[in-house]
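Subject: Structure for your review

Dear colleague,

Please find below the sequence and structure that I am handing over to you. A summary of what was found follows directly after.

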Amino acid sequence: MNDKLMPFSAVLFDMDGLVLDTESTYCQAWQQAAARMGHYLSDSFCRSLSGLHHQAIDAKLQDACGADFDIQAFNRRAGACWRERVTTDGIPVKPGVAELLAYLEARQIPFALATNSRAANAQECLALAGLAGAFKVLVGRDDVAAGKPSPDVFLRAAALLQTPIHACWVLEDSLTGIMAAHSAGAFPVLVPSGSPVETQALALCAMMRPDLSAVLATIRAEFAHR
């Protein structure tokens with residue numbers, strides 16, 4: 001990380017842990033489902049799944065719970081637990097999201113959502129958070145050949161915005177996402193969703209900010225000098 005700003009033409013957002021506080025809802029659903037099947041998942045293990053696509057999550061769960069662990073039954077249970085909670089409580093939006101999106105729209109700066117979630121799932125989560133339609137361009141894991149840490153979702157999003165990837169800031173909260181942004185050739189901005197911050201994420205990001213309000217302040221300062 002050198003914290004040296006790079007001029008940009010577009011902004012690409014991750015979803016889980018950056019725009020939406022979904023990670024806590026996923027963690028509780030995984031823990032509830034695992035407990036009903038006689039297994040224990042620690043908070044730290046659940047945090048280690050942050051940013052991974054569903055196939056990688058399934059593989060880590062299988063390794064942790066054993067070869068005879070019924071991953072399909074687990075996913076059904078976890079999905080039911082998750083849906084029950086978010087249908088009642090909704091999904092919290094991370095601080096600074098509304099203000100940052102409003103600023104980008106006012107300045108006519110293109111932006112997109114690029115997530116390891118399936119596109120339909122991402123749209124559902126955004127709706128549950130009151131952000132339906134907030135992202136006109138959305139790229140999900142099922143829209144590309146490989147999920148993060150491969151760069152595909154970011155390259156696809158940049159192409160849809162008709163912006164070179166090197167002119168995109170990528171806002172990410174996880175090591176997996178920062179790896180993808182770095183591999184894509186974008187400007188990776190780390191906005192950690194938890195602590196401690198992973199050393200490798202710090203090494204690969206170009207800049208770190210504590211939250212999206214701080215990202216907005218940085219962007220405002222950047223445009224003030226143009």
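The notes below take the sheet, the cores, the largest pocket and a few single residues in turn.

Please bear in mind that this is a predicted model.

The sheet

The sheet is open and holds 6 strands in the order 3-2-1-4-5-6, with parallel pairing. Its edges are strand 3 (138-139) and strand 6 (207-208), each of which pairs on one side only. Strands of a sheet pair through backbone hydrogen bonds, either parallel or antiparallel.

Strand 5 (residues 187-190) has a partner on each flank. It is joined to strand 4 by 4 bridges, the two running parallel, and V170 stands opposite P188 there. On the strand 6 side, the pairing is parallel over 2 bridges, and V189 faces M207 of strand 6. Helix 5 (residues 97-106) packs on the sheet and touches strand 1 (10-13), strand 2 (111-114) and strand 4 (168-172). The direction of helix 5 makes about 150° with that of strand 1.

In a regular strand the side chains alternate between the two faces of the sheet. In strand 5, F187 and V189 point one way while P188 and L190 point the other way, and all are buried.

The nonpolar cores

The largest nonpolar core comprises 41 residues, and those with the most contacts inside it are F13, V19, L20, L100, F135 and L171. Two or more residues of this core come from each of strand 1, helix 4 (71-89), helix 5, strand 2, helix 6 (119-128), strand 4, strand 5 and helix 10 (212-224). Leaving aside residues up to four places away in sequence, L100 is in contact with F13, L171, L212, V215, L216 and I219. Another core, of 19 residues, lies apart from the largest one; V137, C168, A184 and A186 are among its members.

The largest pocket

The largest pocket encloses about 1400 Å³ of space. It is lined by 50 residues, of which Y26, W30, L49, L52 and I57 are the closest to its centre. Helix 1 (23-36), helix 2 (43-48), helix 3 (54-65), helix 4, helix 6 and helix 8 (175-184) each supply at least two lining residues. Helix 1 provides the largest share, with 6 residues.

Helix 8

Helix 8 is mostly covered, with 7 of its 10 residues buried. These are L175, T176, G177, I178, A180, A181 and A184. The cover over them includes helix 7 (152-160), strand 4, strand 5 and helix 9 (199-204). Just after helix 8, G185 takes a positive phi of about 95°.

Two further residues

Is T218, in helix 10, buried or exposed? T218 counts as buried because its relative accessible area is 9%, under the 20% cut-off. Among residues more than four places away in sequence, T218 touches L5, W169, M207 and R209. T218 and L5 are 213 residues apart in sequence, yet their C-alpha atoms are 8.9 Å apart in space.

N121 belongs to helix 6. Its relative accessibility is 34%, so N121 counts as partly exposed. N121 and N75 are 46 residues apart in sequence, and the distance between their C-alpha atoms is 14 Å.

With kind regards

Notes
Residues numbered from 1 in each chain as written. Predicted model: local features only at pLDDT ≥ 70, side-chain atom pairs only at ≥ 80, totals over all residues. Heavy atoms only, no water. Pairing = 2+ DSSP bridges. Contact = heavy atoms within 4.5 Å. Axes fitted to C-alpha atoms, helices over the stretch in contact; angles between N-to-C directions. Core = buried A, V, L, I, M, F, W, Y, C linked by side-chain atoms within 4.5 Å. Buried < 20%, exposed > 50% of the residue type's maximum accessible area, 1.4 Å probe, protein only. 1 Å grid on protein atoms, 1.4 Å probe; cavity = no way out; pocket = protein on both sides within 12 Å on 5 of 7 lines; lining within 4 Å. Points joined across faces, edges and corners; volume = space filled by probe spheres on them.
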